Amino acid sequence: MRLVILESADSVAEWAAKYVMKRINDFQCGPDKYFVLGLPTGSTPYGMYQKLIEYHKAGRVSFKYVKTFNMDEYVNLPRDHPESYHYYMLHNFFKHIDIDPKNAHVLDGNAPDLVEECSNYEKEIARAGGIDLFVGGIGPDGHIAFNEPGSSLVSRTRVKTLAQDTLEANARFFGNDINKVPHQALTVGVGTVMDSKEVMILITGGHKAFALYKAIEEGVSHMWTVSAFQQHPHTLFICDEDATLELKVKTVKYFKALSAVHHKLIEDTTPINRSRSIH
Amino acid sequence: MSSSELIQFINCKILRNHTLTEEHLWVRNGKIINPEDVFFDEKIKADTVIDCNGCIIAPGFIDIQINGGFGVDFSNCDNIDSGLGRVAKSLLSSGVTSFCPTIVTSPNDVYKHVLPQIKKSQGGLHGATVLGIHLEGPFININKKGAHPPKFIKDLDEGFQSLVQTYSTLENVSIITLAPELKHANEVISKLTSLGITVSVGHSMASLKDGESAISSGATLITHLFNAMLPFHHRDPGLVGLLASHNTLVDKIVYFGIISDGIHTHPAALRIAYRIHPDGLVLVTDAVSAMGLEEGRHNIGQLSVEIKNGMALVAGTNTLCGSIATMDTCVKIFLQSTGCSIEYALEAASLHPAEALGIVHKKGTLNFGVDADFIFLDSDLSLLSTWIAGKCVYKK
């Protein structure tokens, strides 16, 4: 595991965007070779999308040969509702870049058969050759996608009932009325994300510090689903200073000492698979 | 350029839901469309992406009261077909994408001759959309005749029959301005409303009570507020009182046209109207044939007009002979006079007139499914280009 500690949420966004750009460009995609990207929604990745749009407009990265799979979507929320993840992705990312709409996949929470929708999503990921890089955020309770505490760590894409904490946290997006928050979501499973070749988790803010501590300093636990990635061969945690507040000084110092090594990952000169074996 | 082409306008601030937001605008087959359906269902990209360089995109202006312009007077025109075409085309340069050609009080043979020739028609490169005729008179109060020729002013003695005999046809008519205090006015208003014609009250000595009965009978509009009506009086506020009437505002909005050319309505009067009843305010030019002509002396019909300092005067006098401000100018003057938001000023010339005519499902907004009639403006609200059905029909 790598832990990259940066000054602020803005630098996390920028670092993450540079990493995604670097991976796409190193991959040398083309009509017969698509880079497959897993994507999150929410406030943490918003800055990353802004940066990626900026790099795209500057001609530094193209999404023409990129396929994307989003992590989750609410059930029974109209697609053009401003809180739907379809709406988020279209307006905050897809419409600004050159991705082919055929290659942008978002789970359909309004599908007539939700179980079928989930199993088709897994098949679609498999058909794309698996996910090369899954970018994720986490909730304060350590959930990744909508894999709430207690989710199986080998779970696959499925319908998930949201925890009370999540409903309360999300009520602010629905006029502070908890009854308007959708109670179910479609989400990729922990196992689905584990299968990707690489995972990058973005964590910012003091309110997520305890979750980061649980994710990396304690053992693997289905009550903190993000901790599962301790067992993934290539996991990157990108966090800001505030998110480290619950970590041991020793942990923070160790990873800060590695920062020069980590920054090489986003430099233009060295290919990532060269840097990968240097921790 | 085929009409099924999917166009994505980027780098623009669009006016939607009363706010200007940085948002893309998507257009196909002459309509504004929802990009989510295109992206997630059809899974296609735009055929053309147009960079708008940060400009404002607002719904095209709708002028529901315009007597002519560019040397053409709709009520006094030998060749109405070419005259109408000339005005429709020239209006594009002031951001007007739809309008109601207005005929003032005229003799019966003018109605008989002219009305069948002014057909509702779809706009395009040839000019703005004709929504239908606005008949202003002759059923008005002679004491508030304004510039209308008194000898043709009439009563409604035979009710709806008087209208039929006078106008011959109502086929192309959208709005009728009449004085609600005339005998039989209420039954005529009910009948017109049932035919889908918008009734506007004006050129009138009506009390507030007369105005309220007209609204109850179906009238929804007031013609050029403050002009050609009783001045506001605190014991009987007259038609002006409709803006604050409890009896009418409970279940419907009363709309009112207002001329913000900087001359016909004092800025303080604009502010009064704006502050007491902002939802009903509709900007109209009420422009006359001299609009769009250069400064100097012009002969229009039998009248000699002099344009001096942005005012149209009867030549050799200081008598105003009508408004000549274009709609884009009226919007700017209104904004400066009232200190309202940019969004509001633009909606007063687009959303509000569309609401007043009951056509908001196809005109007056940038909502999904409506006609792609819009204008590009810079941050000072100066017009950059005009678009009808998704095609550029005027560029500065």
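# Close-up views of a predicted two-chain model

**View 1. The annotated residue Asp286(B) and its surroundings.** For "active site", an unreviewed UniProt entry lists Asp286(B). The structure shown here, in this and every other view, is a predicted model. Asp286(B) sits in the loop that runs between strand 18 (281-284) and strand 19 (296-300) of chain B. Its relative accessible area is 13%, so Asp286(B) is buried, the limit for that label being under 20%. Which residues touch Asp286(B), leaving aside its neighbours within four places in sequence? They are Gln65(B), Asn67(B), Glu136(B), His224(B), Ile259(B) and Ser323(B).

**View 2. Cysteines of chain B that form no disulfide.** Over all chains, the structure holds zero disulfides. Cys52(B) is in no disulfide, and the nearest cysteine sulfur, that of Cys12(B), lies 4.3 Å away. A disulfide needs the two sulfur atoms within 2.5 Å, so the pair Cys52(B) and Cys12(B) does not count as one. Cys52(B) is buried, with a relative accessible area of 4%. Cys100(B) is likewise in no disulfide; the nearest cysteine sulfur belongs to Cys330(B) and is 16 Å away. Is Cys100(B) buried or exposed? Cys100(B) counts as buried, at 0% relative accessibility.

**View 3. Two salt bridges within helices of chain A.** In helix 1 (residues 9-27) of chain A, Lys22(A) and Asp26(A) are four residues apart, about one turn of the helix. Lys22(A) and Asp26(A) form a salt bridge, and their closest N and O atoms are 3.6 Å apart. Lys22(A) is buried, with a relative accessible area of 5%, whereas Asp26(A) is partly exposed, with a value of 32%. In helix 4 (residues 114-127) of chain A, Arg127(A) and Glu124(A) are three residues apart, again about one turn of the helix. The salt bridge of Arg127(A) with Glu124(A) has its closest N and O atoms 2.8 Å apart. Arg127(A) is exposed, with a relative accessible area of 63%, and Glu124(A) counts as partly exposed, at 28% relative accessibility.

**View 4. A salt bridge between distant parts of the chain B sequence.** Lys31(B) forms a salt bridge with Asp371(B), and the closest N and O atoms are 2.6 Å apart. Where in chain B do Lys31(B) and Asp371(B) lie? Lys31(B) belongs to strand 5 (residues 31-32), and Asp371(B) to the loop between helix 11 (351-357) and strand 22 (374-377), so the pair ties together parts that are 340 residues apart in sequence. Lys31(B) counts as partly exposed, at 34% relative accessibility, while Asp371(B) counts as buried, at 12%.

**View 5. A network of salt bridges with residues of chains A and B.** Arg79(A) is linked with Glu36(B), Asp37(B) and Asp41(B) in a network of salt bridges. How many salt bridges does a search of the whole structure find? The search finds 18 over all chains.

**View 6. An open sheet in chain A.** Three strands of chain A form an open sheet in the order 4-8-7, with antiparallel pairing. Strand 4 (72-74) and strand 7 (158-161) are the edge strands, because each pairs on one side only. From one strand to the next, the twist averages 30°. Strand 7 and strand 8 (residues 184-187) of chain A pair in the antiparallel sense over four bridges. Lys160(A) stands opposite Ala185(A) in strand 8 of chain A.

**View 7. Strand 15 of chain B and its parallel partner.** Strand 14 (residues 173-178) and strand 15 of chain B pair in the parallel sense over four bridges. Val199(B), in strand 15, is the bridge partner of Ile176(B). Thr198(B) and Ser200(B) point one way from strand 15 (residues 198-201), Val199(B) and Val201(B) point the other way, and all are buried.

**View 8. Helix 6 of chain B and the glycine after it.** Which residues of helix 6 (residues 208-217) of chain B are buried? The buried residues are Leu208(B), Gly211(B), Glu212(B), Ala214(B), Ile215(B) and Ser217(B). Gly218(B) follows helix 6 of chain B, and the phi of Gly218(B) is positive, near 130°.

Key: Residues are numbered from 1 along each chain as its sequence is written. Chains are lettered from A and ligands numbered from 1 in the order in which they are written. This is a predicted model: local features need pLDDT of at least 70, side-chain atom pairs count only at pLDDT 80 or more; totals for chains, interfaces and linings use all residues. Side-chain values use heavy atoms; hydrogens and water are left out. Buried means under 20% relative accessible area, exposed over 50%, partly exposed in between (1.4 Å probe, protein chains only). A salt bridge is a side-chain nitrogen of Lys or Arg within 4 Å of a carboxyl oxygen of Asp or Glu. UniProt positions are given in the numbering used here, feature names are shortened, and annotations may be inferred rather than shown by experiment. Contact means heavy atoms within 4.5 Å. Two strands pair if DSSP finds at least two bridges between them. Axes are lines fitted to C-alpha atoms, for helices over the stretch in contact, and angles run from 0 to 180 degrees between N-to-C directions.
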